[in-house]
Amino acid sequence: MAKFCISRRELIKTGTLATAGLTLAGANSLFAASNALPLITRTIPSSRKELPVVGVGTNQFGTEDPEVLERIQTLLQELPGLGGQVIDTAHSYGNSEDVIGRLTQENGNRDKLFLATKTSTRGDVTMADIEAAFARLRTDHIDLIQVHNFNQTEKVIPLLMNLRSDARIGYVGCSTSRDSQYEDLKSAMRQHRLDFIQVDYSIANRSADEEILPMAQDRGVAVLINMPFGGRRNAASIFGQVSDVALPDWAAEIDVTSWAQFFLKYVVSHPAVTTAIPGTTKPHHMEDNMGAARGRLADTAMRGEMERFWDSLPG
């Protein structure tokens, strides 16, 4: 019989530590044990630098709510200690860049993070616009800048290439979360020597695996994955679909202890994927997510088993 694996995410949210027969200390011990497993990293093809396979997306960081800011600051402070590095943001995420810059400066751990951002999705993108991202992030070096949703791609990529040549940025990429822009993404990979692409992919949305992910792998392009839980609109339904479902016993074979880790392990076990960037502002969610960056990865047979299990669930 399959066993229910209760994550600290659910225990904290529902307040059921006592009824689950666990103490908070016991839950912390569980996560400490997970953190002792080997960290999984992937190589950026263009530089051979290693990145952990799970990071953080920040599309909800655009806020001045003191309570949320406190959580975000804790998350940014604790991420490196859990093995994480990648923080992905964008010009279009409200004041997210400014929040990250301000809180990272206060934390004093910029050197432990891999900061990625994206150019504007609207209007004319100028060098002044790109320079403003450095100011908002309060840094003189941005690890990755991506052309977002292909706004002025042919104009912006040369600007980013120049910044890369001057060592002001580490990598150049393109980003989308729309199937309708996959042709643009393939074209960009053909025409430019990109270091990274960013694309949507999850166990519930595998369309990127048809052409995008294989092409990136063939061309030696690193891949960030957005929406690994299906996106803001679909994540609730994905987690809702398993709310009364036990994790299968065989999930333990890849060191999975929660549904979030199950979904993330599926994504990051794809050989083309470098790092998945699930969005959250909550440190305990981030800690659970980072559990998927440790231990064993699913092989081809296990990935097939995960797909069959997911596909067998009711609507």
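**Helix 5 and the aromatic pairs of the predicted model**

The buried residues of helix 5 (127-137) pack against a mixed set of neighbours, namely helix 4 (96-107), strand 5, strand 6 (142-148), helix 6 (153-165) and strand 7 (169-175). The model examined here is a predicted one. Within helix 5, the buried positions are I130, A133, F134 and L137. These four cover an arc of only 100 degrees around the axis, so they lie on the same side of helix 5. The exposed residues A128 and A135 are found on the face of helix 5 turned away from its buried side. After helix 5 comes R138, which has a positive phi, near 55 degrees.

One of the buried residues of helix 5, F134, also takes part in a contact between a charge and a ring. The charged end of R168 sits over the ring of F134, at 4.3 Å from the ring centre. A second arrangement of this kind involves R303, whose charged end sits over the ring of Y266 at 4.2 Å from its centre.

It helps to place these details in the chain as a whole. The protein chain contains 12 helices and 10 strands, and 54% of its 315 residues are buried. Of the contacts in the chain with a separation of 6 or more, 77% are between residues 24 or more positions apart. The accessible surface comes to about 13600 Å², and carbon and sulfur atoms account for 50% of that area.

Aromatic side chains offer a good view of how separate parts of the chain meet. Across the whole structure, the search finds 15 aromatic pairs. In one of them, F114 and F196, the ring centres are 6.0 Å apart and the planes stand at 45 degrees, so the pair is classed as tilted. This pair links distant parts of the chain, with F114 in strand 5 (114-118) and F196 in strand 8 (196-200), 82 residues apart. Both partners are covered: F114 has a relative accessibility of 1% and therefore counts as buried, while F196, at 0%, counts as buried too.

A second pair, F229 with F239, is edge-to-face, with 5.1 Å from centre to centre and 70 degrees between the planes. F229 lies in the loop between strand 9 (222-226) and helix 9 (235-241), whereas F239 belongs to helix 9, so the pair ties together parts that are 10 residues apart in sequence. The accessibility of the two partners falls into separate classes. F229 is buried, with a relative accessible area of 9%, but F239 counts as partly exposed at 23%. F229 and F239 also belong to a cluster linked by ring pairs, which further includes W250, W259, F262, F263, F309 and W310.

A final example of parts distant in sequence comes from helix 3 (66-78), where R71 is located. R71 is partly exposed, and its relative accessible area is 25%. Although R71 and P283 are 212 residues apart in sequence, their C-alpha atoms are 6.5 Å apart in space. Beyond its neighbours within four places in sequence, R71 is in contact with T281, K282 and P283.

Note on methods
Residues numbered from 1 in each chain as written. Predicted model: local features only at pLDDT ≥ 70, side-chain atom pairs only at ≥ 80, totals over all residues. Heavy atoms only, no water. Phe/Tyr/Trp six-rings, centres within 6.5 Å; stacked < 30°, edge-to-face > 60°. Helix = DSSP H or I, 4+ residues; strand = E, 2+ residues; numbered from the N terminus. Buried < 20%, exposed > 50% of the residue type's maximum accessible area, 1.4 Å probe, protein only. Lys NZ or Arg CZ within 6 Å of the ring centre and 35° of its normal. Arc of directions from axis to C-beta. Contact = heavy atoms within 4.5 Å. Areas by Shrake-Rupley, 256 points an atom, 1.4 Å probe, with all protein chains shown as cover.
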